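This report covers domains, salt bridges, a pocket and some backbone details of one model. The model and its sequence come first.

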Amino acid sequence: MKTIHLKIVTPDSILLDKEVESVSIPTVEGEITVLPMHIPILAGMKPGELRIKADKKEEYFSVMRGVAEVDGETITILTDAAEHADDIDEERADAAAKAAKELMAKKRSSEEGYTEAMAELERSLSRIKIIRKRRRGSKVRIDSN
Ligand code: ATP
């Protein structure tokens with residue numbers, strides 16, 4: 001099976017660096033799926049779920065704002081923060097969402113503060129959505145066995 005090289009890079013680390021069969025990316029214009037030999041693109045990314053297929057298995061990641069660049073043999077994802085869906089800490093995401101909502105209420109008179117708090121809320125809600133969706137998915141699999 002043909003593959004394409006995927007790199008997920010955050011300010012903290014290179015989270016992933018491996019050959020994959022396909023990648024579905026949450027871009028600002030909607031989800032795109034990139035297969036080997038894809039034409040070069042540069043797309044803005046929004047917080048959401050990034051799905052990869054590798055070794056005939058699917059894996060899921062949470063990504064934040066950033067850019068996705070496809071150039072011939074490599075897909076590079078540059079993002080503020082990313083983690084494997086299994087590594088999302090739901091309690092931390094819930095606490096961050098709650099704190100962001102409280103901060104939004106407090107910062108209503110400061111455009112900058114309000115926008116920052118809203119971005120934080122967006123990040124945590126994106127993580128929460130992914131973890132809940134994955135949990136539902138595994139339940140369906142267990143039930144159908
Ligand atoms: P918090 O508000 O909980 O401190 P944050 O939203 O400020 O988190 P980020 O700046 O988005 O955190 O990310 C910083 C680092 O922490 C990244 O490595 C990110 O992957 C990780 N991280 C943040 N929130 C979570 C979470 N809920 N589950 C797992 N990892 C997380």
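Two residues are in contact when they have heavy atoms within 4.5 Å of each other. On that basis, 14 residues of domain 1 are in contact with eight residues of domain 2. The model is predicted.

## Domains

The protein is divided into domain 1, covering 4–85, and domain 2, covering 88–144. Taken over C-alpha atoms, the centres of domain 1 and domain 2 are 21 Å apart.

## Salt bridges

Side chains of opposite charge can pair when their charged atoms come close. In the whole structure, a search finds 14 salt bridges. The table gives three of these pairs with the N to O distance.

| Residue | Partner | N to O distance |
|---|---|---|
| Glutamate 59 | Lysine 18 | 3.1 Å |
| Lysine 133 | Glutamate 49 | 3.0 Å |
| Arginine 135 | Glutamate 90 | 2.8 Å |

Which elements does the salt bridge between glutamate 59 and lysine 18 tie together? Glutamate 59 belongs to strand β7 (residues 57–63) and lysine 18 to strand β2 (residues 14–20), so the pair ties together parts that are 41 residues apart in sequence. Glutamate 59 is partly exposed, at 23% relative accessibility. Lysine 18 is also partly exposed, with a value of 26%.

In the second row, lysine 133 and glutamate 49 meet in a salt bridge. Lysine 133 sits in helix α2 (residues 111–144) and glutamate 49 in strand β6 (residues 48–54), so this pair ties together parts that are 84 residues apart in sequence. Lysine 133 is partly exposed, with a relative accessible area of 36%. Glutamate 49 counts as buried because its relative accessibility is 10% and the cut-off for buried is under 20%.

The third row pairs arginine 135 with glutamate 90. This salt bridge links distant parts of the chain, with arginine 135 in helix α2 and glutamate 90 in helix α1 (residues 90–106), 45 residues apart. Is glutamate 90 buried or exposed? Glutamate 90 is buried, with a relative accessible area of 18%, whereas arginine 135 is partly exposed at 44%.

Shared partners join some of the salt bridges into one network, made up of Glu31, Glu49, Arg51, Glu58, Lys133 and Arg134. The pair of lysine 133 and glutamate 49 was given above with a distance of 3.0 Å, N to O.

## Largest pocket

Rolling a probe the size of a water molecule over the atoms shows where empty space is left. The largest pocket holds about 270 Å³ of space. Its lining consists of 13 residues, and Pro47, Gly48, Glu49, Ser126 and Lys129 lie nearest the centre. Two elements, β6 and α2, give two or more residues to this lining. Which element gives the most? Helix α2 does, with six residues.

By residue class, the lining of the largest pocket divides into seven charged, four nonpolar and two polar residues. Both domains take part in the lining, with at least three residues drawn from each of domain 1 and domain 2. Glu49, one of the residues nearest the centre of the pocket, is also a member of the salt-bridge network.

## Single residues

Glutamate 116 is another residue of helix α2. With a relative accessible area of 56%, glutamate 116 is exposed. Glutamate 116 and arginine 135 are 19 residues apart along the chain, and 29 Å separate their C-alpha atoms.

Threonine 27 lies in strand β3 (residues 22–27). Threonine 27 counts as buried, at 4% relative accessibility. Leaving aside residues up to four places away in sequence, threonine 27 touches Ile32, Ala43, Gly44, Met45 and Lys46.

## The loop between β6 and β7

What is the phi of aspartate 55, which is not a glycine? Aspartate 55 has a positive phi of about 50°. Aspartate 55 lies in the loop between β6 and β7 and is exposed, with a relative accessible area of 62%.

Lysine 56 is placed in the loop between β6 and β7. Although lysine 56 is not a glycine, its phi is positive, at about 65°. Lysine 56 is exposed, with a relative accessible area of 75%.

How values were computed. Residues are numbered from 1 along each chain as its sequence is written. This is a predicted model: local features need pLDDT of at least 70, side-chain atom pairs count only at pLDDT 80 or more; totals for chains, interfaces and linings use all residues. Side-chain values use heavy atoms; hydrogens and water are left out. A salt bridge is a side-chain nitrogen of Lys or Arg within 4 Å of a carboxyl oxygen of Asp or Glu. Helices (H or I, at least four residues) and strands (E, at least two) are DSSP runs, numbered from the N terminus. Buried means under 20% relative accessible area, exposed over 50%, partly exposed in between (1.4 Å probe, protein chains only). On a 1 Å grid over the protein atoms alone, a cavity is a set of points where a 1.4 Å probe fits but cannot get out, and a pocket is an open set with protein on both sides within 12 Å along at least five of seven lines; lining residues have an atom within 4 Å of a point. Grid points are joined across faces, edges and corners, and a volume is the space filled by probe spheres set on the points. Ala, Val, Leu, Ile, Met, Phe, Trp, Tyr, Cys and Pro count as nonpolar, Asp, Glu, Lys and Arg as charged, and the others, Gly among them, as polar. Domain bounds come from an automatic or database domain assignment.
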